[in-house]
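Colleague: Please take a close look at the inside of this model for me. Which residues pack there, and what do they touch? Begin with the whole chain, then go in.

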Amino acid sequence: MDLRKVIEATAGRSLETNTDGNTYVAIGSTIVYFVKDHQFDDEDTEWPDGTWIKLHSGYPYRIEIRDIERNLDRQLETGRQLYSALKDVGCRRLLLISDIQALLDHYRPSSV
């Protein structure tokens with residue numbers, strides 16, 4: 001599965017790369033960044049049982065969503081739309097994490 005294609009299909013437009021090298025797509029006032037390599041540690045976010053999620057080693061890609069008008073509801077809604085689209089494809093483990101590193105949802109396909 002090409003994550004870029006799922007992002008682009010959900011957004012209805014192509015990803016672009018800015019002069020800083022960031023890959024993104026704008027959806028109204030919400031910006032979706034596709035980060036191939038992130039710096040989150042394996043001990044930044046917890047599962048509900050209190051054990052650490054292996055973010056860096058288990059989830060190599062990150063999609064970050066920011067609303068430039070700081071509308072957190074719209075930001076989360078965009079995140080949920082992308083999460084749902086990626087989940088529908090069903091071939092990667094997924095996490096939906098809030099901007100304060102709280103786990104909101106997770107998905108693990110049966111084949112992974």
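**From the charges to the core**

Modeller: Start with the charges. The protein chain carries 14 positive and 19 negative side chains. The centres of these two sets are 5 Å apart. Keep in mind that this is a predicted model, and that the values below are computed from it.

Now the outline. The protein chain has three helices and six strands. Read from the N terminus, its elements follow the order α-β-β-β-α-β-α-β-β. Its radius of gyration is 14 Å, close to the 13 Å that the globule rule gives for 112 residues, so the chain is as compact as a globular protein of that length. Along the principal axes, the C-alpha trace spans about 35 × 30 × 25 Å.

Next, surface and inside. The accessible surface of the protein chain is about 7,100 Å². Carbon and sulfur atoms hold 45% of that surface. Of the 112 residues, 33% are buried. Now take the contacts in the chain with a separation of 6 or more: residues 24 or more positions apart account for 42% of them.

That brings us to the part you asked about. The largest nonpolar core has 16 residues. Which of them touch the most other members? They are I7, V25, V32, L82, Y83, L86 and L94. The elements giving two or more residues to this core are α1 (3-11), β3 (30-35), α3 (72-89) and β5 (94-97).

Look at V25 before the others. Neighbours within four places in sequence are set aside here. V25 is in contact with I7, A11, R13, S14, L15, T30, I31 and V32. Two of these partners, I7 and V32, are also on the list of core residues that touch the most other members.

Move to helix α3. T78 sits in it. T78 is buried, because its relative accessible area is 8% and buried means under 20%. Beyond four places in sequence, T78 is in contact with I27, T30, V32 and I65. T30 and V32 are partners of V25 as well.

Y83 is placed in helix α3 too. Its relative accessibility is 7%, so Y83 counts as buried. Beyond four places in sequence, Y83 touches L94, L95, L96, D105, H106 and Y107. Take Y107 from that list. Y83 and Y107 are 24 residues apart in sequence, yet their C-alpha atoms are 9.3 Å apart in space.

Follow Y83 to its partner L95. L95 lies in strand β5. Is L95 buried or exposed? It is buried, with a relative accessible area of 19%. The limit for buried is under 20%. Not counting residues up to four places away, L95 touches W47, I53, L55, Y59, Y83, L103, D105 and H106. I53 is one to check in the picture. L95 and I53 are 42 residues apart along the chain, and 9.6 Å separates their C-alpha atoms.

D105 appears among the partners of Y83, and among those of L95. Find D105 in strand β6. D105 is partly exposed, with a relative accessible area of 28%. Beyond four places in sequence, D105 touches Y83, L94, L95 and L96. Y83 touches these three leucines too. Now compare D105 with D49. These residues are 56 apart along the chain, and their C-alpha atoms are separated by 14 Å.

Finish outside, for contrast. I100 is in the loop between β5 and β6 (103-107). I100 is exposed, with a relative accessible area of 68%. Its C-alpha atom is 25 Å from that of R4, which is 96 residues away along the chain. R70 is in another loop, between β4 (62-67) and α3. R70 counts as exposed, at 74% relative accessibility. Phi of R70 is near 60°, a positive value in a residue other than glycine.

So trace it this way on your screen. Begin at V25 with its partners I7 and V32. Go on from V32 to T78. Then step along α3 to Y83. From Y83, cross to L95 and D105. End on the exposed loop residue I100.

Definitions and conventions. Residues are numbered from 1 along each chain as its sequence is written. This is a predicted model: local features need pLDDT of at least 70, side-chain atom pairs count only at pLDDT 80 or more; totals for chains, interfaces and linings use all residues. Side-chain values use heavy atoms; hydrogens and water are left out. Helices (H or I, at least four residues) and strands (E, at least two) are DSSP runs, numbered from the N terminus. The radius of gyration is taken over C-alpha atoms; the globule rule is 2.2 Å times the number of residues to the power 0.38. Buried means under 20% relative accessible area, exposed over 50%, partly exposed in between (1.4 Å probe, protein chains only). Contact means heavy atoms within 4.5 Å. Accessible areas come from the Shrake-Rupley method with a 1.4 Å probe; for residues, only the protein chains shown count as cover. Lys and Arg count as positive and Asp and Glu as negative; His and the chain ends are not counted. The place of a charge is taken as NZ of Lys, CZ of Arg, CG of Asp or CD of Glu. A nonpolar core is a set of buried Ala, Val, Leu, Ile, Met, Phe, Trp, Tyr and Cys residues joined through side-chain atoms within 4.5 Å.
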